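Q: Could you take a close look at the open sheet in this model and at the salt bridges of the chain? I would enjoy one connected walk through that part.

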Amino acid sequence: MATTYPDCQHADPLQVGAEFLDFVTVTLQTRGLYLQPFTSKKYQYNKGESLQGWEVKLDQRFLETGRLSIEVAEKTRSANASWVPSGIYRNDNTWLYIQGNYQRFYIFLKKFLVQLHQAGRYSEGEIPTLRKFYLPVIDADKYGERIVPSTLEETTP
């Protein structure tokens, strides 16, 4: 059974995320870093998002908002009563967390993002299916490895 997100604003959020993952994979490869994402749900659920333990998250509006929205819990639908640890709290092989958009993305140590969240210095937010904390871009520049693709044309088919 396919995972669906009926409360999501995108018609196909998994496809939107998959395309960004491909973009990040190609961008990193041009810098000598090779990412092998798992494509089956079995391996994604039981191992993690990639063989290397890197998770990739699209944050389309962070340059407009001035902050990254770092995921901490999720629900597949708003009517669900329970939240499930996700993002930086998902228990899998992830140790690097990559987040951003097509103009810029960051690479963070996952455990460092957990420490930042647990320190309580940052505001938090919630939408019906997602809980997050907000990391200002100024702090992302300080704590993460910033990747700015040379040109979009170099990483698109």
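A: Here is a walk through the sheet, followed by the salt bridges.

This is a predicted model, so local features need pLDDT of at least 70 and side-chain atom pairs count only at pLDDT 80 or more, while totals for chains, interfaces and linings use all residues. Residues are numbered from 1 along each chain as its sequence is written, and side-chain values use heavy atoms, with hydrogens and water left out.

For orientation, the chain has 6 helices and 8 strands; helices (H or I, at least four residues) and strands (E, at least two) are DSSP runs, numbered from the N terminus.

Now to the open sheet: its 4 strands have the order 1-4-5-8, with mixed pairing. Two strands pair if DSSP finds at least two bridges between them. Strand 1 (54–58) and strand 8 (145–147) stand at the edges with a single partner strand each, so one side of each is left without a neighbour in the sheet. On average, neighbouring strands of this sheet are turned by 20° against each other, direction ignored.

Strand 4 (residues 96–100) pairs with strand 5 (residues 105–109) in the antiparallel sense over 5 bridges. Within that pairing, Leu-109 in strand 5 is the bridge partner of Leu-96. Helix 4 (residues 110–118) packs on the sheet, where it touches strand 4 and strand 5, and its direction makes about 85° with that of strand 5. Here contact means heavy atoms within 4.5 Å, and axes are lines fitted to C-alpha atoms, for helices over the stretch in contact, with angles running from 0 to 180 degrees between N-to-C directions.

Next, the salt bridges. A search of the whole structure finds 9 of them, each a side-chain nitrogen of Lys or Arg within 4 Å of a carboxyl oxygen of Asp or Glu. Lys-57 forms one with Glu-71, the closest N and O atoms being 3.0 Å apart. This pair links distant parts of the chain, with Lys-57 in strand 1 and Glu-71 in strand 2 (residues 67–74), 14 residues apart. Both Lys-57 and Glu-71 are buried, meaning under 20% relative accessible area, with exposed over 50% and partly exposed in between (1.4 Å probe, protein chains only).

Another salt bridge joins Glu-49 to Arg-90, with 3.3 Å between the closest N and O atoms. Glu-49 lies in the loop between helix 2 (41–46) and strand 1, and Arg-90 in the loop between strand 3 (84–85) and strand 4, 41 residues apart. Glu-49 is partly exposed at 24% relative accessible area, whereas Arg-90 is buried at 17%. Glu-49 and Arg-90 also belong to a network of salt bridges with Asp-92 and Lys-110.
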